[in-house]
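Please open the model in your viewer, set it to a cartoon drawing, and keep the selection panel at hand. The tour below goes from one selection to the next and says what is found at each stop.

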Amino acid sequence: MKEKILIIDDEEDVCTSIAFALETFYEVHIVDNAPDGLYYFQKDHFSVCLMDIRLEKMNGVALLDEIKKIDEKAIVILMTACALVNSSIEAIHKGAYTYLIKPLDIQELFFVIKKALNYRYLNQRVEYINKNLEEKYVYYGIIGKSRQMKAVFQMIEKVKNLDTSVLITGKSGTGKELAARALHNSGRRKEYHFADVNCAAIPETLLEEELFGHKRGAFTGAIANKEGKFEYANNGTVFLDEIGDMPLTLQAKLLRVLQQREITPIGSNMVKKLNIRVIAATNKDLKKMVEEGTFRSDLYFRLKVIEIKLPELKARREDIPLLCSHFISLYNKKQKKNVSCISEEAERLLLNYHFPGNIRELSNVLEYAMIMSDGEIIKAGDLPEEVSAVIKTGDILNSNYMKNFSGLTLREAEKRIILQALEDNQWNRRKTAERLGISDKGLRNKIIKYELIKK
């Protein structure tokens with residue numbers, strides 16, 4: 001079936017000559033005014049709309065706005081005289097695909113139409129992939145197909161309908177709040193409120209009031225009763241983010257809530273019974289804090305009935321392409337861009353980068369790259385310097401690591417690679433481990449195994 005092209009131009013000779021050139025390869029429909037053009041575009045499906053920017057009853061920019069209201073993904077190519085180029089550029093900012101100068105070069109017209117159709121195909125392909133991603137690899141807002149994330153999903157499935165407290169642990173940016181929301185939205189409490197409290201973002205003097213509320217007259221300025229997060233989320237879920245930053249004085253009160261399932265608002269003598277589930281999250285080592293005396297051991301064990309550990313992004317690199325597709329789709333809408341994918345080189349850089357900021361950093365990297373990108377594909381040069389620098393200093397296959405390896409055993413080659421990485425990072429073990437994509441413990445074992453010594 002031929003692709004359909006709608007031509008809108010009040011110059012009959014122009015319409016006829018363009019239609020004559022295109023009709024061998026496309027199904028062409030001609031109209032000579034804007035209202036009819038709008039009518040036919042709404043009535044039928046056209047792959048491309050080719051229109052003059054200067055029409056009698058409605059100028060091209062206004063017509064473009066109306067067409068985009070019908071189909072925001074419509075491909076509109078403008079035809080313009082040299083004197084109206086500025087108007088054409090304005091129209092491109094409003095969503096036109098491109099503009100061509102009259103009199104048209106037919107070869108250029110064929111090239112532009114072919115490119116536009118390919119662009120439309122790529123967008124449709126991205127939408128199809130994203131839809132499949134949502135159906136296959138998205139679990140209540142969390143994206144992942146890796147073994148590590150499947151284990152997280154399975155754990156959530158096991159405990160989603162229980163009242164047991166859950167502790168979610170993981171580095172900053174790994175998606176702890178998303179996991180908490182998934183736990184709430186997948187379980188039987190989903191019809192009730194999900195109240196999130198960031199214990200690190202609220203001053204200690206206000207955090208107690210935020211959690212438990214207060215009675216009118218409890219202190220200066222308390223002119224009315226205030227409902228706290230626990231009362232607000234009754235029958236639902238309270239999510240305590242950054243629980244490791246909660247002051248010790250409040251930890252004792254939180255423990256009582258978990259044990260007794262009741263609260264007393266500030267300034268009140270009335271005890272209010274609760275039916276809630278508490279989910280806490282932290283990027284700190286609570287066990288170590290307990291040993292140091294900065295976190296209550298009884299609260300720690302009360303919260304850690306079930307622990308869900310979220311992996312770092314570098315430990316689930318196979319999820320990076322999926323996450324890239326998600327963020328491209330997200331920022332296309334936010335930035336009104338039409339990026340379809342990332343190049344192989346850019347993807348390789350992302351797969352090699354260690355992402356200390358995890359998924360949050362990947363999101364920022366993609367947002368930056370899409371702003372920098374001038375085309376439909378994100379290239380390596382569009383990525384931030386800290387990511388693109390991987391190819392210069394850290395890509396093992398293109399670095400000095402691979403020189404003079406001919407004839408070496410795998411053991412000796414690995415020894416040389418690790419030694420070179422240590423020297424490049426001034427024997428900073430954490431940086432070296434991140435660069436090599438192994439754990440600190442794994443690097444330590446390798447150093448012992450190969451008897452590596454700093455010179």
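What follows is a tour of sheets, helix packing, salt bridges and backbone details.

This is a predicted model, in which local features need pLDDT of at least 70 and side-chain atom pairs count only at pLDDT 80 or more, while totals for chains, interfaces and linings use all residues. Residues are numbered from 1 along each chain as its sequence is written, and side-chain values use heavy atoms, with hydrogens and water left out.

**Stop one: a sheet of five strands**

Select residues 4–8, which form strand β1, and then bring in the strands around β1, where you will find an open sheet of 5 strands in the order β2-β1-β3-β4-β5, with parallel pairing. Helices (H or I, at least four residues) and strands (E, at least two) are DSSP runs numbered from the N terminus, and two strands pair if DSSP finds at least two bridges between them. The edges of this sheet are β2 (27–31) and β5 (98–101), each of which pairs on one side only. From one strand to the next the twist averages 20 degrees; axes here are lines fitted to C-alpha atoms, for helices over the stretch in contact, and angles run from 0 to 180 degrees between N-to-C directions.

Zoom in on β1 and β2, which pair in the parallel sense over 5 bridges, and show I5, which stands opposite V28 in β2. Next select helix α1 (residues 12–22), which packs on the sheet and touches β1, β2, β3 (48–52) and β4 (76–80), contact meaning heavy atoms within 4.5 Å. The direction of α1 makes about 175 degrees with that of β2.

**Stop two: a second sheet**

Move on to residues 237–241 and 277–282, strands β10 and β13, which pair in the parallel sense over 4 bridges; within this pair, L240 stands opposite A280 in β13. These strands belong to an open sheet of 5 strands with parallel pairing, in the order β9-β10-β13-β8-β14. Its edge strands are β9 (194–198) and β14 (306–309), each pairing on one side only, and the twist averages 20 degrees from one strand to the next. Add helix α6 (residues 147–159) to the selection: α6 lies across β8 (166–169), β13 and β14, and runs at about 155 degrees to β14.

**Stop three: salt bridges**

Side chains of opposite charge can pair when their charged atoms come close. The structure holds 22 salt bridges, each being a side-chain nitrogen of Lys or Arg within 4 Å of a carboxyl oxygen of Asp or Glu.

Show K272 and E231 as sticks, and you will see their side chains meet in a salt bridge (3.0 Å, N to O). Because K272 lies in strand β12 (residues 272–273) and E231 in helix α9 (residues 229–232), the pair ties together parts that are 41 residues apart in sequence. K272 is partly exposed, with a relative accessible area of 27%, and E231 is partly exposed at 22%; buried means under 20% relative accessible area, exposed over 50%, and partly exposed in between (1.4 Å probe, protein chains only).

Select K304 and E307 next, a salt bridge whose closest N and O atoms are 3.4 Å apart. Then select D9, E11, D52 and K102, which are joined into one network by salt bridges that share partners.

**Stop four: two helices**

How do α19 and α20 pack? Helix α19 (residues 429–436) and helix α20 (residues 440–450) pack at an angle of about 100 degrees, with their axes 9 Å apart, and are therefore roughly perpendicular to each other, a term for angles of 65 to 115 degrees. Where they touch, R429, R430, T432, A433 and L436 in α19 meet D440, L443, R444 and I447 in α20.

**Stop five: backbone details**

Most residues other than glycine have a negative phi, and most peptide bonds are trans. Go to P103, in the loop between β5 and α5 (106–136); the peptide bond from K102 to P103 is cis, with omega near -10 degrees.

Select K336, in the loop between α13 (320–335) and β15 (341–342), where phi is positive, near 55 degrees. K336 is exposed, with a relative accessible area of 73%. Finish at N358, in helix α15 (residues 358–372): phi of N358 is also positive, near 60 degrees, but N358 counts as buried at 0% relative accessibility.

Definitions and conventions. Angles under 35 degrees count as roughly parallel, over 145 as roughly antiparallel, 65 to 115 as roughly perpendicular and the rest as oblique.
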